[in-house]
Amino acid sequence: MRDWQKEMTDQIGREVQRLRGDRSLLWLETRTGELGHKVARSGISQLENGNRRSISVAEWLVLAAALETPPLLLLWPKYPDGNTAMLPKFETDAFSAHSWLAGKYSLEWKDLEGCGAIEPILTNHPVPLVSLVEQVGEALPPFAEIARMLNGDAEQIAAAKASLAAFRKKARELNRQIEALGGYIDETSNEEN
């Protein structure tokens with residue numbers, strides 16, 4: 001049986017090596033230290049050479065930041081269409097794997113053959129919390145339109161203010177729903193003018 005953890009670690013190691021390019025292990029060790037979580041040269045070398053069984057989430061994130069790439073592209077680099085092992089017994093395209101990790105797709109379990117063997121199915125239904133946060137952004141009227149209205153006559157200015165008031169109302173309701181699902185809303189960033 002495949003060792004999925006080792007495969008994922010090796011994948012990250014190959015990408016770290018590719019993205020590091022001609023830069024030295026010392027450079028990468030120093031850069032991760034500057035970012036607050038130093039990854040030793042020996043650990044990076046072992047990772048790149050396939051001699052590590054695992055990598056911590058902290059190392060994965062700081063290596064991605066040091067190499068100026070999204071962490072997902074270290075884990076599943078064949079974005080968007082390449083096939084990837086999203087789970088030990090489940091392969092899909094990298095786009096779907098990325099979408100699942102970001103909460104834009106949901107993972108459901110189904111008995112596809114009616115024999116009791118449960119298999120994962122990806123759906124393009126976002127996790128409710130993610131969906132609500134996206135709705136906040138969609139509820140915001142286009143800034144260009146509001147700016148144009150604010151430079152117009154009194155009727156256009158009134159329409160712009162009404163549009164912003166409607167957005168604030170919608171945003172407050174969505175924020176309440178987000179918090180009800182366990183999301184965190186920073187109230188200091190919400191101005192109520």
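## What "roughly perpendicular" means

Two helices count as roughly perpendicular when the angle between them falls in the range 65 to 115 degrees. Keep that range in mind as you look at this predicted model, starting with helices H2 and H4. H2 covers residues 25-34, and it packs against H4 at an angle of about 110°. That value sits inside the range, so H2 and H4 are roughly perpendicular to each other. Their axes are 9 Å apart.

Who touches whom here? On the H2 side you'll find Trp-27, Leu-28, Arg-31 and Thr-32, and they meet Val-62, Leu-63 and Ala-66 of H4. Sorted by class, this contact has 5 nonpolar residues, 1 polar and 1 charged.

## The whole protein

Let's zoom out for a moment. The protein has 193 residues, and buried ones make up 32% of them. It contains 9 helices and 4 strands. Starting at the N terminus, the elements come in the order α-α-α-α-α-β-β-α-β-β-α-α-α.

There is also a number for how the chain meets itself. Take the contacts between residues at least 6 apart in sequence: 44% of these join residues at least 24 apart.

## Another crossing: H1 and H3

H1 has a crossing of its own, with helix H3 (residues 41-48). The angle is about 110° and the axes are 7 Å apart. That makes H1 roughly perpendicular to H3. From H1, the residues Thr-9, Ile-12, Gly-13, Val-16, Gln-17 and Arg-20 take part, and from H3 it's Ile-44, Leu-47 and Glu-48. By class, the contact splits into 4 nonpolar, 3 polar and 2 charged residues.

Arg-20 deserves a closer look. Is this H1 residue buried or exposed? Its relative accessibility is 12%, and the cut-off for buried is under 20%, so Arg-20 counts as buried. Leaving out residues up to four places away in sequence, Arg-20 touches Leu-25, Leu-28, Glu-48 and Leu-67. Leu-28 is a name you've already met, in the contact of H2 with H4, and Glu-48 belongs to the H1 and H3 contact.

## The second largest pocket

Now for some empty space. Rolling a probe the size of a water molecule over the atoms shows where such space is left. In this model, the second largest pocket has a volume of about 280 Å³. It is lined by 16 residues, and the closest to its centre are Trp-4, Met-8, Ile-12, Trp-60 and Leu-75. Ile-12 is also part of the contact between H1 and H3.

Which elements build the lining? H1 (4-20), H4 (57-66), strand E1 (83-87) and helix H6 (94-101) each supply at least two residues. The largest share, 5 residues, comes from H1. As for chemistry, the lining divides into 12 nonpolar residues, 4 polar and no charged.

## Residues in the loops

Some loop residues are worth finding too. Ser-24 sits in the loop between H1 and H2. With a relative accessible area of 36%, Ser-24 is partly exposed. Ser-24 and Arg-41 are 17 residues apart along the chain, and their C-alpha atoms are separated by 9.1 Å.

Pro-77 is in the loop between H5 and E1. Its relative accessible area is 25%, which makes Pro-77 partly exposed. Not counting residues up to four places away in sequence, Pro-77 touches Gln-11, Glu-15 and Leu-72. Pro-77 and Ala-94 are 17 residues apart in sequence, and their C-alpha atoms lie 7.4 Å apart.

## Two backbone oddities

Most residues other than glycine have a negative phi, and most peptide bonds are trans. This model has an exception to each of those habits.

Let's take the peptide bond to begin with. Tyr-79 and Pro-80 are joined by a cis peptide bond, with omega at about 5°. Where should you look for Pro-80? In the loop between helix H5 (71-75) and E1.

Then there is Glu-68, which isn't a glycine but has a positive phi of about 55°. You'll find Glu-68 in the loop between H4 and H5. Is Glu-68 buried or exposed? Its relative accessibility is 73%, and anything over 50% is exposed, so Glu-68 counts as exposed.

How values were computed. Residues numbered from 1 in each chain as written. Predicted model: local features only at pLDDT ≥ 70, side-chain atom pairs only at ≥ 80, totals over all residues. Heavy atoms only, no water. 1 Å grid on protein atoms, 1.4 Å probe; cavity = no way out; pocket = protein on both sides within 12 Å on 5 of 7 lines; lining within 4 Å. Points joined across faces, edges and corners; volume = space filled by probe spheres on them. Nonpolar A, V, L, I, M, F, W, Y, C, P; charged D, E, K, R; others polar. Buried < 20%, exposed > 50% of the residue type's maximum accessible area, 1.4 Å probe, protein only. Axes fitted to C-alpha atoms, helices over the stretch in contact; angles between N-to-C directions. Parallel < 35°, antiparallel > 145°, perpendicular 65-115°, else oblique. Contact = heavy atoms within 4.5 Å.
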